[in-house]
Each structure stands twice: as structure tokens, then as C-alpha cells.
Amino acid sequence: MAPNLAYTPIEEIPKIRDALRQGFKTGKTRSVAYRKEQLLHLGYMFQDNAERFTQALASDLGRPRQESIFLEINTITGYILRAYRDVEAWSKPEGVTFNADFFLTKPKILKEPKGTVLIVGPFNFPIFCTFRPVIGAIAAGCAAVIKPSELTPATSSLFAELLPKYLDPELYAIVNGGVAESTKLLELQWDHIMYTGSGGIGKIYAAAAAKHLTPITLELGGKSPVIIDPKTDLAHAAKRLLWGRTTNAGQACLSPDYILCPASAQDELIAGFQAAYESFYPTPEDTRKSMSRIVAPHHFDRLQGLLDNTAGTIVVGGQTDKADLWVAPTVVKNVKADDVLMEHEIFGPIVPIVPVKDVDSAIEFVNSRDHPLAVYVFSDDPKFKAKVIENTLSGGVVMNDTLIQAAFDDLPIGGVGASGYGSYGGKNGFDTFTHRRPFMDVPKWLDIVLGSRYAPFTPKKLKAI
Ligand code: NAD
């Protein structure tokens, strides 16, 4: 039974922000040693409580233990250790290209923490998506208010309980709540806002940030397409796609949302899905044991509505169980561009296959829609791959796999156009919360050459310019 989430009293929210601002003003976070200590404590928070976090994630999302450990706890710990190792180098002033006209002024770029920031997380990967940005904020020396999703009450309660025990409460705080609490947060001024969630709500954040001219990073979602080269190993492609689509029951921003496949190869691809399905889930119980649940009844109803109303043909899965918020891994064939499955991001374990003529029509299809967070290509042909890369635009592009780009900390995670702007992950997260402040120190004696800029503007000075 999931616990009720204790919402932060609305009247406390401005006080929390003000207190963190005072904490930031003490200048503690300027010390890289302090940031490293906080990062280490954050790592301990996840490691010491790994069992409690996996239980909370199981309670909120029915998440299999292996997925929680592999995709959240171990991953976040790896990112924290990486930031711990590199934050000193990231924080060092950055040199600029030698320039004979300016080198005497010692030009460089200082790395300044932006200040007190707001980080808002989604429900789907409560640790990964909410705390990966937090790593960047701590590394950059910012104070942070963290607003996890209200749809994951067990995990968000655990954050509220544990964070003050592990991190400096003068600099970092959790605010829990729903729309009213988030709205209050958005009335306040921040030095940066990082929002991860759906595009519709993202617009509310962008508008609120604009009121205070606050810089904002928007990590949004959308429909990430898969383009299939019919000459590739379709059985292997289907296996990887089934994994990508069923991880966290398809509730992943980078999940492959739909497949563009030449009509002639569709049945072979489906045979691959059927084989992969049988190998992943040898018994009917395995489809439940090895799958996360849909986060909330209204999301389940949305997915059920899609399955009820699609004009495509369900060829794999299709079963659902509302009492258990469970949707079987499902493949739907012969889906048309105007089908209900193609209207919005599906965010569930359902994958439509849209038959297309060839790679050119697949590219045209992708380009007729918003820029997605990812484009996936399954092909062994360098020309096929290059054609898709050169003729589409997306947050990221991956050949022959899905989701894996989120695992590598050096690659920025971020969208383009409707899938968002700005990025995070590794040094990208540090940069997001850092102001790059140009620096020069101009010696007095340099007036030997700079003197000609002062009035009165005599002909002699004009000549010297
Ligand atoms: P959501 O937009 O419903 O909620 C995200 C956050 O916004 C939550 O903390 C929520 O409390 C808050 N919120 C909700 N309504 C609000 C309102 N009216 N005013 C202010 N705040 C409000 O998103 P979700 O359903 O939790 O997450 C799923 C979405 O997030 C998907 O679209 C997915 O693609 C996207 N996502 C993107 C990334 C990425 O890195 N690009 C990662 C994970 C999820």
C-alpha cells in the first residue's frame, strides 16, 4: 500500500526558497571541497538506502527490482562518483585562445554557480530524472529546491525523509506536492529552473520563467521514431526494441514510440517480436513479474483507450488488467499516420508499426512532425544510417539500439524544438547550472597602448588606433 505523500504546506514554500538563498549567500558552495562532500553524501543516500528505494519504486511503479537497481540506483551512483572525480577540473577557470592583443589582460572564463535553482522531476524515473540534474546543481555550487513527482508517493516521501539527513539542509530542500505547490514554486524567482516532464506542462514552466527572465532547461518528451532498414537482422532489432519499449513499461522519455518499417518487412519484424516476447516471458506470469506497472489509473485508462480505438491490428500482447495497472507488451501492425496511437506520446508498453514505402518516406514522415527526443535506426548499412542522420533532426540519434544514450554520462541528454531545450548529464549538467563569466584584468600601464581611446580625439590619437 503506497503511503500518502505529505505535501509541503504552501505558505512554507517561499520561506524554504528564502532560507536556501541565505544558505547560498554564506558562500559555502564556492568551495569545491564542500561540493565534493555533498556529492559523496548524495551517493551514500542512495547506497545506504538502496533496499528502501527499490521497495519504494516497486510500490509506486510495480518496478522489478533488477530494473530499479540497474537503471536507477547503480546508474545514479556512477554519475555521482563521476562528478565527484571531475568537479575540480570542471570548476577551474577556462582559458581562451591566445590573442596577442589581449593576453596581457589575462582573459579567462570563470565558472560561477548561478545561485538558487528549482529542479522539477517527472514520475517515470524518479531517481534518475530528478537527481541527475541535482548532481549538476551540486557540482556547480548552486543551492537547490527539488520538487519530485506526486505520482510516486513512496519514493517522493523517501526523498523528503532522507535528503535532510544526508545533504546540507541550508542548501538543499525537497518540496513535495502537486499543481498548487508547483504553481507556488513558479511564482517565486529562481536563478535557473530545470523542468523534466511533458511538453504541455513545460509551456507553463517556460511562461513562468519568462516573467522573471529566468534561464530554464526543458527536458520534454514526444514521439521518438524507429526507422527500420529491411536488410538488417530484423529478429535482433525486434529483441532490442522489445527491451526498449518494455523497460519501465514504456514509461521512458527515450522509449521508442513507433516504428517505421517497409511494408514488405513488417511480418518478419513481427515474427521477431513474437520470438523475443517468448524468450523474455516464457510463462504468462513472467509478463507480470518482469514488467513495471502503469503509474496511475488515469494513465492506464488512456492506454486502454488507445488499444480500444486503434484501427491497427494487435499482433503481440494486447491484454490489460486495470486492477493491477498492468498492460502487456503489445505490438500493433498496419497503423496509419492518423491513428489514435500516432496522436501523442504513448508512454506505455505499446508499439505501433507504421508501414512505409522506403527510407525516404520514413524520413518524410519524421520530418512532418515535431523534432523528437530521439531517432533510432536499425541498419547495418552506413549509407542508410547517414541518410537518416543527415535528413532529420532530433535530441539524439542512436543506431541499432534504444535508451542506451542515457547511460553514457558524457553525452548530453536534451531535446530540440518540441522535445525541449538545454541539456544535462555529466559536465553538461554542471554547465547548465554554471554561469560562464568572462574575466580580464587590465593593468594601468597598458594605457601606453589604450590611451588613444580617451578624449580629446586628436589627429595623433586617430593615427594610433
Ligand atoms: P508531468 O508534466 O505530468 O509532470 C512533471 C512535473 O510537473 C511533476 O513534478 C508535476 O508535479 C509537475 N506539474 C504537473 N502539472 C503541473 C502544473 N499544472 N503546474 C506546475 N507543475 C506541474 O510529466 P510526467 O507525466 O511526470 O512525466 C512524463 C513526461 O516527462 C513524458 O512526456 C516524458 O517524455 C517526459 N520526460 C522527459 C525526460 C527528458 O529527459 N527529456 C525524462 C523523463 C520524462
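This is a dialogue about how to read several features of a predicted model.

Visitor: Where should I begin, and what does the database record say about this chain?

Guide: Begin with the record and keep in mind that the model is predicted. In an unreviewed entry, UniProt lists residues 11-435 under "domain: Aldehyde dehydrogenase". In the model, the end C-alpha atoms of residues 11-435 lie 31 Å apart, and the span is 45% helix and 17% strand.

Visitor: How do I read the surroundings of a ligand, and which residues come nearest here?

Guide: One takes the shell of residues around the ligand and asks which parts of the chain supply them. Here 28 residues surround the ligand, and P122, S182, G197, G221 and C253 come nearest. The elements that give two or more residues to this shell are α7 (179-187) and α8 (199-211), and the largest share, 3 residues, comes from α7. By residue class, the shell divides into 12 nonpolar, 12 polar and 4 charged.

Visitor: Why is the ligand said to lie between domain 1 and domain 2?

Guide: The ligand lies between them because domain 1 (11-221 + 427-438) and domain 2 (225-409) both give residues to the shell around the ligand.

Visitor: How do I judge whether strand β3 is enclosed or open to the outside?

Guide: Look at the burial of each residue, and then at the two faces of the strand separately. In β3 (residues 116-120), 5 of the 5 residues are buried, so the strand is largely enclosed by the rest of the structure. Both faces are covered, with T116, L118 and V120 buried on one side and V117 and I119 buried on the other.

Visitor: Which strands does β3 pair with, and in which sense?

Guide: The bridges between strands give the answer. Strand β3 is joined by 5 bridges to β4 (residues 143-147), and these two run parallel; within that pair, V120 stands opposite K147. Between β3 and β4 the chain passes through helix α5 (residues 126-140), a β-α-β crossover that is right-handed. With β6 (residues 192-196), β3 also pairs in the parallel sense, over 4 bridges, where V117 has H192 as its bridge partner.

Visitor: What is the strand order in the sheet that contains β1, and which strands lie at its edges?

Guide: That open sheet has 3 strands in the order β1-β2-β18, with antiparallel pairing. Its edge strands are β1 (94-95) and β18 (434-439), each of which pairs on one side only. Strand β1 is joined to β2 (residues 108-113) by 2 bridges, and the bridge partner of G95 in β2 is K108.

Visitor: Which backbone angles deserve a second look?

Guide: Most residues other than glycine have a negative phi, and most peptide bonds are trans. L325, in the loop between β11 (320-321) and β12 (326-327), has a positive phi near 50°. F347, in the loop between β13 (330-333) and β14 (350-356), has a positive phi near 55°. As for the peptide bonds, the one from A455 to P456 is cis, with omega near 0°, and P456 is found in the loop between α16 (447-450) and α17 (459-464).

Visitor: How are L325 and F347 classed, as buried or partly exposed?

Guide: The class follows from a count of neighbours, and a residue is buried if 20 or more other C-beta atoms lie within 10 Å of its own. F347 has 23 C-beta neighbours inside 10 Å and therefore counts as buried, whereas L325 has 19 and so counts as partly exposed.

Conventions
Residues are numbered from 1 along each chain as its sequence is written. This is a predicted model: local features need pLDDT of at least 70, side-chain atom pairs count only at pLDDT 80 or more; totals for chains, interfaces and linings use all residues. A residue is near a molecule or strand if its C-beta atom, placed from the backbone, lies within 6 Å of it. Ala, Val, Leu, Ile, Met, Phe, Trp, Tyr, Cys and Pro count as nonpolar, Asp, Glu, Lys and Arg as charged, and the others, Gly among them, as polar. Domain bounds come from an automatic or database domain assignment. A residue is buried if 20 or more other C-beta atoms lie within 10 Å of its own, exposed if 12 or fewer, and partly exposed in between; C-beta atoms are placed from the backbone. Two strands pair if DSSP finds at least two bridges between them. UniProt positions are given in the numbering used here, feature names are shortened, and annotations may be inferred rather than shown by experiment. A crossover is right-handed if, with the strands pointing away from the viewer, the path from the first strand over the helix to the second runs clockwise.
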